[in-house]
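Colleague: I'm new to this one and would like to learn how to read its internal cavities. Could you walk me through them?

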Amino acid sequence: MEGLAPSARTVSARRPLRSPRRWALSYSPTALAAFVAMFGLAFIAPLGSKGALLFLVAGMGLVATRLGDTLGALRREWLIVLVTLWCVMSFAWSDYTSLTMRHGLQLLLTVMIAVAIGYRVAPLTFIKIVFATSAMAGLASLLFGRDRSDGLGYLGIYASKNALADASSLLIIVALAVLVDRRLSARWRLPAVMGILLGGLLLVMGQSSGALVSTLVVVLFFGVLVLLQRLTPSMRLVAIVLTLVLAGAAGVMLSLISDQLARMFLDLTGKDITLTGRTDLWAIALAEIAERPMLGVGFQAFWVHGQPIAEQLWADFGITTRTGFHFHNTLISNAVEIGVVATAVQTLVFLGALLSCLGWAIRSPSAASVFFALFMARLFLLMWIEVVYFYQFSVATAIIIVAICYGHRFRPGKRPR
């Protein structure tokens with residue numbers, strides 16, 4: 001102690017030696033509220049109304065603590081708010097007024113909470129939250145899950161194999177994004193590798209052909225993103241142009257052998273020529289759209305107990321539970337409920353977010369930008385055979401809204417607030 005000044009000796013005496021802070025845990029109330037909200041959505045299948053309550057309590061707490069900022073963010077995201085309000089207002093012409101109003105208000109709350117997260121939580125923090133909640137749901141599915149009663153697939157903690165496949169694909173995508181970010185330490189990368197293995201195992205166990213194909217395509221797309229990130233801006237432009245040209249040429253060549261490819265796909269997946277009745281469903285949905293093209297039947301007012309056409313379709317397809325069924329096409333399904341114009345606006349918002357996320361991933365690669373690019377690309381692939389947006393208390397809807405917010409906050413030349 002002789003070489004120290006008196007003040008230094010005093011400080012040294014007062015402060016005991018501390019271990020390195022490398023493993024210290026830190027948190028903020030905002031991040032904790034966002035984690036609880038996303039946890040509630042991730043476990044809404046087994047928890048039911050309790051999961052929705054977790055999401056609402058934590059999310060609305062986040063909204064209320066800085067209400068002025070949230071209202072300002074909602075004004076900036078006015079287009080998605082406008083479409084959501086259209087869903088709420090559709091109770092006026094719905095045959096099931098109270099049901100449409102309830103689901104519409106739930107969607108509005110989901111949008112408000114997701115916008116608050118998008119403007120209050122840092123992108124990397126949000127990715128860590130999604131990874132943590134997805135990994136927890138994956139472990140719960142592996143440890144406490146169950147098989148389908150007919151033995152055709154694994155359900156995990158979810159009500160359907162498609163829900164398990166979506167959750168497993170989300171785990172793979174967010175784990176890949178965490179793995180590629182060099183700023184994250186090994187304590188994040190090692191769990192990311194385990195997350196990829198766990199998600200892949202559950203995806204295979206679920207036996208969902210659409211999810212398997214879309215996830216494989218997204219993994220290939222991930223490789224393209226990694227390659228583009230290593231190129232200079234001018235070389236990226238050349239690579240993108242060449243990729244588009246090659247994709248167009250491949251599309252023309254594939255169209256010449258489309259019949260043979262279709263038969264191969266049907267043989268591999270075990271589906272019939274109607275894609276397990278989807279073409280029949282689409283014909284009925286298009287007839288419904290033709291009857292009410294501008295307004296639709298009302299938000300979530302078609303698949304309702306007592307609705308004659310819905311009851312007939314449930315009976316035709318053997319859906320004894322009369323739940324968990326839809327038109328297997330996002331554009332068609334949404335147009336049935338809220339009309340063609342509102343569906344077109346939804347689609348423009350979604351495609352704008354997709355392009356914004358792709359540009360963000362190429363321009364500024366990180367765990368956040370890569371995750372949102374892969375996630376939105378997968379939804380784009382699935383939107384033609386599944387319903388992927390926008391509905392209440394949904395992990396996918398929340399992530400899409402957050403992606404829209406980040407796309408606006410981190411666009412070129414824009415300094416995030």
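Modeller: Sure, and keep in mind that this is a predicted model. Let's begin with the second largest cavity, whose lining is made of Ile80, Val83, Thr84, Cys87, Leu107, Val111, Gln346 and Phe390. Two elements, α6 (78–89) and α7 (97–120), each give two or more residues to that lining.

Colleague: Which element gives the most to the lining of the second largest cavity?

Modeller: That's α6, with four residues.

Colleague: How does anyone find empty space like this in the first place?

Modeller: The general idea is to roll a probe the size of a water molecule over the atoms, which shows where empty space is left. Here, the second largest cavity comes out at about 30 Å³.

Colleague: And what classes of residue line the second largest cavity?

Modeller: Six are nonpolar and two are polar, with no charged residues.

Colleague: How many cavities of 30 Å³ or more does the structure hold?

Modeller: Two. The largest has a volume of about 40 Å³.

Colleague: Which residues should I click on to see the largest cavity?

Modeller: Try Ser134, Ala137, Gly138 and Ser141, then Tyr158, Leu164, Ala167, Ser168, Leu171 and Leu202; together they line the largest cavity. On the helix side, α8 (123–144) and α9 (161–180) each supply at least two residues of this lining.

Colleague: What about classes in the lining of the largest cavity?

Modeller: You'll find six nonpolar residues and four polar ones there, and no charged residues.

Note on methods:
Residues numbered from 1 in each chain as written. Predicted model: local features only at pLDDT ≥ 70, side-chain atom pairs only at ≥ 80, totals over all residues. Heavy atoms only, no water. 1 Å grid on protein atoms, 1.4 Å probe; cavity = no way out; pocket = protein on both sides within 12 Å on 5 of 7 lines; lining within 4 Å. Points joined across faces, edges and corners; volume = space filled by probe spheres on them. Nonpolar A, V, L, I, M, F, W, Y, C, P; charged D, E, K, R; others polar.
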